[in-house]
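Trainee: I'm new to this structure and would like to know one part of it well. Please pick a single piece and walk me through it slowly.

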Amino acid sequence: MPHLVITGASAGIGAATAELFKKNDFDVVNLSRKPCPVAGVTHIKCDLSQPDFVHSIRDELINALGDSTQITLIHNAALLINDNIASTESEQLRRVLEINVVAASSLNQILIPRMSSGSSVLYVGSTLGEKAVPNSFTYATSKHAVIGMMRATCQDLVGSGIHTACICPGFTDTEMLREHVGGSMEALEAVGNLSAYGRLIEPEEIASTIKFACENPVVNGTIIHANLGQI
C-alpha cells in the first residue's frame, strides 16, 4: 500500500489532503503538533520549528512506513505572520524559515533515500512564492525559497523516477487565513473578491490539485497555480 507523509495535517489544506488520500487507499502519516482529525491517520507529534525535530521522530516515522517504498511526501506546514521588513527581527525570520523551508529539507534527507520510482515530493507554496504583498515579509520570503527548493529537487532527482511539483494556492478558506485577517468576515469577503470567481478557495479544491500532481509525473519541476484566477 502506498504511503503519504504530510506535515501540518491538523487543519485546513493539510487535513483535507489527508482525508482525500486516505479515501484513495493511502496509509497516511501526519507530522505536526496537533493530531489530524481524519480517522485512521497515524499522528507523529513534533514541532517543526525545532532544528532537531527529525532526530526525535526518525525511528517512529520509519516504523510507521514499514517496508513501503512508494511514498508521497507533502511539505504542507507553514507559519504565516503579519510582519514588515523594516521591523522584523532576524530571529523571527529564522523561525519562519525553520518551519517553512528547513523542516522540508530535513524530511527530504530521511525519506528520499527510501523512495522508489513512482514516489513524489510535493511542496505546498503560495501565490506569494512569486510576488509579495505588504506586511507578509517572512512568509513571502520563505515561499519564494520553497519554489527554489522544488526546482532543486527536480534537478537533483533526475533519473530516479521520483517527481516533484509546487502547488501554489490562492486565498483559501483556512484557519490560518482567518487568523491572518483577525477573524473579520468583511476582510474575508474582500479577499475572496480578489479571485475571478469572487470567492475563497475550499481546502478540498487544493487537496484535489495536490492529488493530481501526485498522480502525474509529467508535472515534474512545475509550479501549479491554484488560485481561481486572481484579479
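Mentor: What follows is a close look at helix H4, from its length to its surroundings.

This is a predicted model, in which local features need pLDDT of at least 70 and side-chain atom pairs count only at pLDDT 80 or more, while totals for chains, interfaces and linings use all residues. Residues are numbered from 1 along each chain as its sequence is written, and side-chain values use heavy atoms, with hydrogens and water left out.

Let's start with the helix itself. Helices here are DSSP runs of H or I with at least four residues, strands are runs of E with at least two, and both are numbered from the N terminus. H4 covers residues 137-156. The expected span of a helix is 1.5 Å times one less than its number of residues, so the 20 residues of H4 should reach 28 Å, in agreement with the 29 Å between its end C-alpha atoms.

Which residues of H4 are buried? Buried means under 20% relative accessible area, exposed over 50%, and partly exposed in between, with a 1.4 Å probe and protein chains only. The buried residues are Phe-137, Thr-138, Tyr-139, Ala-140, Ser-142, Lys-143, Val-146, Ile-147, Met-149, Met-150, Thr-153 and Cys-154. They pack against H3, E5, E6, H5 and E7, where contact means heavy atoms within 4.5 Å.

Cys-154 deserves a pause. A disulfide is a pair of cysteine sulfur atoms within 2.5 Å, and the whole structure has zero of them. For Cys-154, the nearest cysteine sulfur belongs to Cys-166, 12 Å away. Cys-154 counts as buried because its relative accessibility is 12%.

Next, the core. A nonpolar core is a set of buried Ala, Val, Leu, Ile, Met, Phe, Trp, Tyr and Cys residues joined through side-chain atoms within 4.5 Å. The largest one has 37 residues, and those touching the most other members are Val-5, Leu-31, Phe-53, Leu-61, Leu-111, Met-115 and Tyr-123. H4 is among the elements that give this core two or more residues, along with E2, H2, H3, E4, E5 and E6. H3 gives the most, with eight residues.

H4 also borders empty space. On a 1 Å grid over the protein atoms alone, a cavity is a set of points where a 1.4 Å probe fits but cannot get out; a pocket is an open set with protein on both sides within 12 Å along at least five of seven lines, and lining residues have an atom within 4 Å of a point. Grid points are joined across faces, edges and corners, and a volume is the space filled by probe spheres set on the points.

The largest pocket has a volume of about 1300 Å³. It is lined by 47 residues, with Ala-78, Leu-79, Leu-80, Thr-174 and Met-176 closest to its centre. H4 joins H1, H3 and H5 in giving two or more residues to that lining, and H5 gives the most, with five.

There are two cavities of 30 Å³ or more, and the largest has a volume of about 90 Å³. Of its 13 lining residues, His-75, Ala-77, Ile-99, Asn-100 and Ala-104 lie nearest the centre. H3 and H4 each supply at least two residues of this lining, with the largest share, five residues, coming from H3.

To put H4 together: its buried residues pack against H3, and H4 helps to line both the largest pocket and the largest cavity.
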